[in-house]
Amino acid sequence: MALPSKSEALISLGSRIKAIRKEKGMSQLDLAVSVNKDYQSIQRLERGAINPSYCYLLEICEGLRIKLSDL
């Protein structure tokens, strides 16, 4: 089984973050405020347009109140 390309992996990660955010009834702005980021950063993350650092993902998980393994 082939590994997904980097862009496919980032799009999949962004989709997962978006789904969890919506399940929790949060807007992109709500999440951005909770992790002290601008909402455009959250938009880029959810589109798979950025490759987030480990620390950024930890902040997102904290904002969503989930564990990193939930992603």
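Visitor: Leaving aside neighbours within four places in sequence, which residues is R21 in contact with?
Guide: This is a predicted model, and its contacts are computed from the atoms. R21 lies in helix α1. Once neighbours within four places in sequence are set aside, the residues in contact with R21 are M26, S27, Q28, L31, E46 and L64.

Visitor: Does that leave R21 buried or exposed, and at what relative accessibility?
Guide: A residue counts as buried under 20% relative accessible area. R21, in helix α1, falls under that cut-off, so R21 counts as buried, with a relative accessibility of 5%.

Visitor: L64 was on that list. Which residues does L64 touch, not counting those up to four places away in sequence?
Guide: L64 is among the residues with the most contacts inside the largest nonpolar core. R21 has L64 among its contacts, and R21 appears in turn on the list for L64. Not counting residues up to four places away in sequence, L64 touches I17, I20, R21, K24, M26 and L31.

Visitor: How many residues does the largest nonpolar core have?
Guide: In soluble globular proteins, nonpolar side chains tend to be buried together. Here the residues with the most contacts inside the largest nonpolar core are I17, L31, I42, I60 and L64. The number of residues in this core is 15.

Visitor: Which element gives the largest share of this core?
Guide: The elements that give two or more residues to the core are α1 (6-23), α2 (28-34), α3 (39-47) and α4 (54-64). The largest share is five residues, and the element that gives it is α4.

Visitor: What pattern does the protein chain follow along the sequence?
Guide: The protein chain has four helices and zero strands. Read along the sequence, the pattern is α-α-α-α.

Visitor: What radius of gyration does the protein chain have?
Guide: Along its principal axes, the C-alpha trace spans about 40 × 20 × 20 Å. For 71 residues, a compact globule would have a radius of gyration near 11 Å. The protein chain agrees with this, with a value of 12 Å.

Visitor: What percentage of the residues in the protein chain is buried?
Guide: The accessible surface of the protein chain comes to about 4700 Å², and carbon and sulfur atoms account for 52% of this surface. Buried is a label for residues, and it applies under 20% relative accessible area. Of the 71 residues in the protein chain, the buried share is 34%.

Visitor: Which residues does L45 touch, not counting those up to four places away in sequence?
Guide: L45 lies in helix α3. With a relative accessibility of 1%, L45 counts as buried. Its C-alpha is 8.9 Å from that of S15, although the two are 30 residues apart in sequence. Not counting residues up to four places away, L45 touches L10, G14, I17, I50, P52, Y56 and I60.

Visitor: P52 is on that list. How far apart are the C-alpha atoms of L13 and P52?
Guide: L13 is found in helix α1, and L13 is buried, with a relative accessible area of 18%. Not counting residues up to four places away in sequence, L13 touches P52, L57 and L71. Along the chain L13 and P52 are 39 residues apart, while the separation of their C-alpha atoms is 9.9 Å.

Visitor: Among contacts between residues at least 6 apart in sequence, what percentage joins residues at least 24 apart?
Guide: The contact of L13 with P52 joins residues 39 apart along the chain. Among contacts in the protein chain between residues at least 6 apart in sequence, the percentage that joins residues at least 24 apart is 55%.

Visitor: What is phi of N36 near?
Guide: Most residues other than glycine have a negative phi. N36 is in the loop between α2 and α3, and N36 counts as exposed, at 72% relative accessibility. N36 is a residue other than glycine with a positive phi, near 60°.

Visitor: Where is R65, which has a positive phi although it is not a glycine?
Guide: The phi of R65 is about 60°. R65 is exposed, with a relative accessible area of 76%. The place of R65 is in the segment after α4.

Visitor: How far apart are the C-alpha atoms of K67 and S5?
Guide: K67 is in the segment after α4. With a relative accessible area of 56%, K67 is exposed. K67 and S5 are 62 residues apart along the chain, and the separation of their C-alpha atoms is 24 Å.

Conventions. Residues are numbered from 1 along each chain as its sequence is written. This is a predicted model: local features need pLDDT of at least 70, side-chain atom pairs count only at pLDDT 80 or more; totals for chains, interfaces and linings use all residues. Side-chain values use heavy atoms; hydrogens and water are left out. A nonpolar core is a set of buried Ala, Val, Leu, Ile, Met, Phe, Trp, Tyr and Cys residues joined through side-chain atoms within 4.5 Å. Buried means under 20% relative accessible area, exposed over 50%, partly exposed in between (1.4 Å probe, protein chains only). Contact means heavy atoms within 4.5 Å. The radius of gyration is taken over C-alpha atoms; the globule rule is 2.2 Å times the number of residues to the power 0.38. Accessible areas come from the Shrake-Rupley method with a 1.4 Å probe; for residues, only the protein chains shown count as cover.
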